[in-house]
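Me: I'm new to this one, so could you walk me through it step by step?

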Amino acid sequence: MLIRSTWTLTVSEPTVLPRSYNLELVKQLHQQLDLELGSEKIPSTSYSGFIGCYSTNKDFFTFHPDEFYNLSLSGISEISAKSILSLQLSETIKFLGAKFNVVNREDKITSYEELYTNLVANEPEPIRKFELQFLTPTAFSLGKTNLPLPIPTSMFRSWLERWNHFAPVYLGSDDLIAYLSEAILLKHHKIQTRGWQLQKGYVNGFVGDVKLQVFNRTDELLANVAHLLVNYAEFAGTGMKTRLGMGQTSLIDTN
């Protein structure tokens, strides 16, 4: 089972939170889910923080009563997905003295088997253009440094690692990444860097729109595997620290 649940939220009055609010909120949500935070080498959850229009002033964010905000939680293991599905938030989310009103909830639910069957096993006509939107700062860990750039090889390696860890269908490893790195190019991007506060300082990541192109010469089966992994990104997130709010990814339907 795979799930991405998105809550629409409002505030009744201007609401100020420290930049580090994500750490407290994700901890509170995991307690409600009865899931231990940070115990997994490969995270089975991803989380968005509050996405929307807010003001910044030094170490604080101000959320406004005339705006709508989205909060997403995703589960990519059976346990985490079922926990998120059964999560019942009250009419308000309260933490750090702030109160957010819950307006709506939308669930996107599928399974590994359904994704693989529809996008690969049924041999559909390949889609060779993908448009992705990175909603929260995204970066990739490279040893002691971080890379805040939408490198196709890094993106697909991130998605494949999670897929192979949790899915019942193994897709391949280094050979597949090597092939995809030669079959897919970064066609266009409109990104900017943005800092994301963690417990120990900030991490720089990129946000914005990215277009990927699969070469026409690419084998149809592998083009479909690429399509599968791009769709999986909506649930798994992309890159590092996805359980703490980084790497939230949406697929823009251009067909």
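**Helices, a sheet and rings**

Reply: Let us start with a pair of helices: in this predicted model, the crossing of H3 and H6 is right-handed.

Me: At what angle do H3 and H6 pack, and how far apart are their axes?
Reply: Helix H3, residues 112-121, packs against helix H6, residues 220-236, at an angle of about 145°, and their axes are 9 Å apart.

Me: And which residues of H3 and H6 make the contact?
Reply: On the H3 side they are Tyr-112, Leu-115, Tyr-116, Leu-119 and Val-120, while H6 brings in Leu-221, Asn-224, Val-225, His-227, Leu-228, Asn-231 and Tyr-232. Sorted by kind, the residues of this contact are nine nonpolar and three polar, with no charged ones.

Me: Switching to strands, what is the order in the open sheet of three?
Reply: The order is E2-E5-E4, and the pairing is antiparallel. E2 (15-18) and E4 (54-57) each have a single partner strand, so one side of each has no neighbour in the sheet.

Me: How many bridges join E2 and E5?
Reply: E2 and E5 (residues 60-63) pair over four bridges, and Pro-18 stands opposite Phe-60 in E5.

Me: Now the rings: are Phe-50 and Phe-100 buried or exposed?
Reply: Both Phe-50 and Phe-100 are buried, and they form a stacked aromatic pair, with 4.1 Å from centre to centre and 20° between the planes. Phe-50 belongs to strand E3 and Phe-100 to strand E8, so the pair ties together parts that lie 50 residues apart in sequence.

Me: What about Phe-63 and Tyr-69, stacked or edge-to-face?
Reply: Their pair is edge-to-face, at 5.2 Å centre to centre with 80° between the planes.

How values were computed: Residues are numbered from 1 along each chain as its sequence is written. This is a predicted model: local features need pLDDT of at least 70, side-chain atom pairs count only at pLDDT 80 or more; totals for chains, interfaces and linings use all residues. Side-chain values use heavy atoms; hydrogens and water are left out. Axes are lines fitted to C-alpha atoms, for helices over the stretch in contact, and angles run from 0 to 180 degrees between N-to-C directions. Helices (H or I, at least four residues) and strands (E, at least two) are DSSP runs, numbered from the N terminus. A crossing is left-handed if the near helix is turned anticlockwise from the far one by less than a right angle, and right-handed if clockwise. Contact means heavy atoms within 4.5 Å. Ala, Val, Leu, Ile, Met, Phe, Trp, Tyr, Cys and Pro count as nonpolar, Asp, Glu, Lys and Arg as charged, and the others, Gly among them, as polar. Two strands pair if DSSP finds at least two bridges between them. Rings of Phe, Tyr and Trp (its six-membered ring) pair if their centres lie within 6.5 Å; planes under 30 degrees apart count as stacked, over 60 as edge-to-face and the rest as tilted. Buried means under 20% relative accessible area, exposed over 50%, partly exposed in between (1.4 Å probe, protein chains only).
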